[in-house]
Amino acid sequence: MNFEQIFTNRRAINFFNPDKPIDPALVKKMVEMAAKTPSSFNLQPWSLIVLTEIDDKLRLQKCAMNQAKVSEAPVTMIVLADDDGFQEGNKTVERVFQENIKAGAMTEKQRDWFVKVRSRLYGKDEQVTRGFSAKNTGFFAMALMLAAKSLGIDSHPMDGFDQDKVIEEFKIPANYYIPLLISFGYFDETKTLVEPKWRKGYDDILVRFDE
Ligand SMILES: Cc1cc2nc3c(=O)[nH]c(=O)nc-3n(C[C@H](O)[C@H](O)[C@H](O)COP(=O)(O)O)c2cc1C
């Protein structure tokens with residue numbers, strides 16, 4: 001499949017074949033492909049909880065409007081956006097800084113500047129911070145679904161779930177927000193996939209407000 005075909009053929013498939021697992025090597029590969037996603041200052045404020053055990057998936061399904069695909073899919077992921085992913089002291093932030101030094105892109109003397117610019121851009125208030133974590137993680141989630149499709153794996157994104165319940169059930173620390181869940185697997189060929197949905201066209205998407 002070329003990129004246009006991957007993009008066109010990706011659908012939220014709704015019905016997964018529960019008897020067709022995904023090779024764990026492919027799960028690793030799609031995560032590593034999606035890891036190429038760009039992010040603010042390369043801060044990569046995303047993480048994944050990967051559920052494959054039926055008991056875990058059923059626990060999640062209970063928090064997700066009982067959507068059957070959560071447990072029918074061989075793999076369901078809780079996508080995490082780290083609201084602290086720009087803060088000094090955060091493990092990934094420090095790693096990014098050290099890697100920049102190693103690559104010659106920054107010097108230790110720029111630490112204060114790097115702290116200040118991150119705080120000014122992403123720490124203004126809770127809304128701005130959530131924007132930072134959610135937008136970067138949203139790009140990652142889309143990349144994950146496209147990477148999966150390129151490997152022949154179908155997906156289904158979901159935000160029909162109770163944020164607080166998922167956080168409590170899976171003991172997720174307070175710095176994380178969950179933009180979405182994504183189920184992965186293979187379409188159940190005994191079912192019918194709905195026709196491709198309406199999309200806004202070029203002219204619908206383009207706007208101006210200053211004329
Ligand atoms: C962030 C997000 C959340 C979604 N949440 C749900 C959901 O909880 N349940 C569901 O059945 N579909 C959900 N969907 C799937 C959309 O309804 C679907 O992607 C859209 O109708 C377009 O269809 P397509 O993906 O097959 O092109 C969600 C999609 C996105 C991107």
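**Overall fold, core and ligand surroundings**

Among contacts in the chain between residues at least 6 apart in sequence, 79% join residues at least 24 apart. The model discussed here is a predicted one, and its chain contains nine helices and four strands. In sequence order, these elements follow the pattern α-α-β-α-α-β-α-α-α-β-α-β-α. The C-alpha trace spans about 60 × 50 × 30 Å along its principal axes. Of the 211 residues in the chain, 29% are buried.

A convenient place to start is strand β2. Eight of the eight residues of β2 are buried, so this strand is largely enclosed by the rest of the structure. Val75, Met77, Val79 and Ala81 point one way from the strand, while Thr76, Ile78, Leu80 and Asp82 point the other way. Two pairings involve β2. With β1, the strand runs antiparallel and is joined by six bridges; here Met77 of β2 has Val50 opposite. With β4, the arrangement is again antiparallel, and seven bridges join the two strands. In that pairing, Thr76 stands opposite Ser183 of β4.

The largest nonpolar core has 33 residues, and the members that touch the most others are Val79, Leu144, Leu181 and Ile182. At least two residues of this core come from each of α2 (24–34), β1 (46–51), β2 (75–82), α7 (126–150) and β4 (176–185). Helix α7 gives the largest share, with seven residues. Apart from this core lies another, made of six residues, including Leu43, Phe86, Phe97 and Phe132. Back in the largest core, Val79 offers a good view of how distant parts of the sequence come together. Leaving out residues up to four places away in sequence, Val79 touches Trp46 and Leu48, Thr137 and Ala141, and the run Ile178, Pro179, Leu180, Leu181 and Ile182.

Thr76, also in strand β2, looks out in the opposite direction from Val79. Is Thr76 buried or exposed, given its C-beta neighbours inside 10 Å? There are 27 such neighbours, so Thr76 counts as buried. Beyond its neighbours within four places in sequence, Thr76 is in contact with Leu51, Lys57, Leu60, Val70, Leu181 and Ser183. Two of these partners, Lys57 and Leu60, also appear among the buried residues of helix α3 (residues 54–62), together with Gln61. Viewed down the axis of α3, the buried residues lie within an arc of 105°, so they line one face of the helix. This fits a general feature of such helices: with 3.6 residues a turn, residues three or four places apart point the same way. The cover over the buried residues of α3 includes β1, α4 (69–72), β2 and α8 (163–169). Between Thr76 and Gln61, which are 15 residues apart along the chain, the C-alpha separation is 9.8 Å.

Attention can now turn to the ligand. Around the ligand are Arg11, Ala12, Gln67, Pro157, Met158, Asp159, Gly160, Leu180 and Lys197. By class, this shell comprises four nonpolar, two polar and three charged residues. Leu180 links the ligand surroundings to the strands described above: besides being one of the residues around the ligand, Leu180 is touched by Val79 of the largest core.

How values were computed
Residues are numbered from 1 along each chain as its sequence is written. This is a predicted model: local features need pLDDT of at least 70, side-chain atom pairs count only at pLDDT 80 or more; totals for chains, interfaces and linings use all residues. A nonpolar core is a set of buried Ala, Val, Leu, Ile, Met, Phe, Trp, Tyr and Cys residues joined through C-beta atoms within 7 Å. A residue is buried if 20 or more other C-beta atoms lie within 10 Å of its own, exposed if 12 or fewer, and partly exposed in between; C-beta atoms are placed from the backbone. Two residues are in contact if their C-beta atoms, placed from the backbone, lie within 7 Å. A residue is near a molecule or strand if its C-beta atom, placed from the backbone, lies within 6 Å of it. Ala, Val, Leu, Ile, Met, Phe, Trp, Tyr, Cys and Pro count as nonpolar, Asp, Glu, Lys and Arg as charged, and the others, Gly among them, as polar. The arc is that of the directions from the helix axis to the C-beta atoms. Two strands pair if DSSP finds at least two bridges between them.
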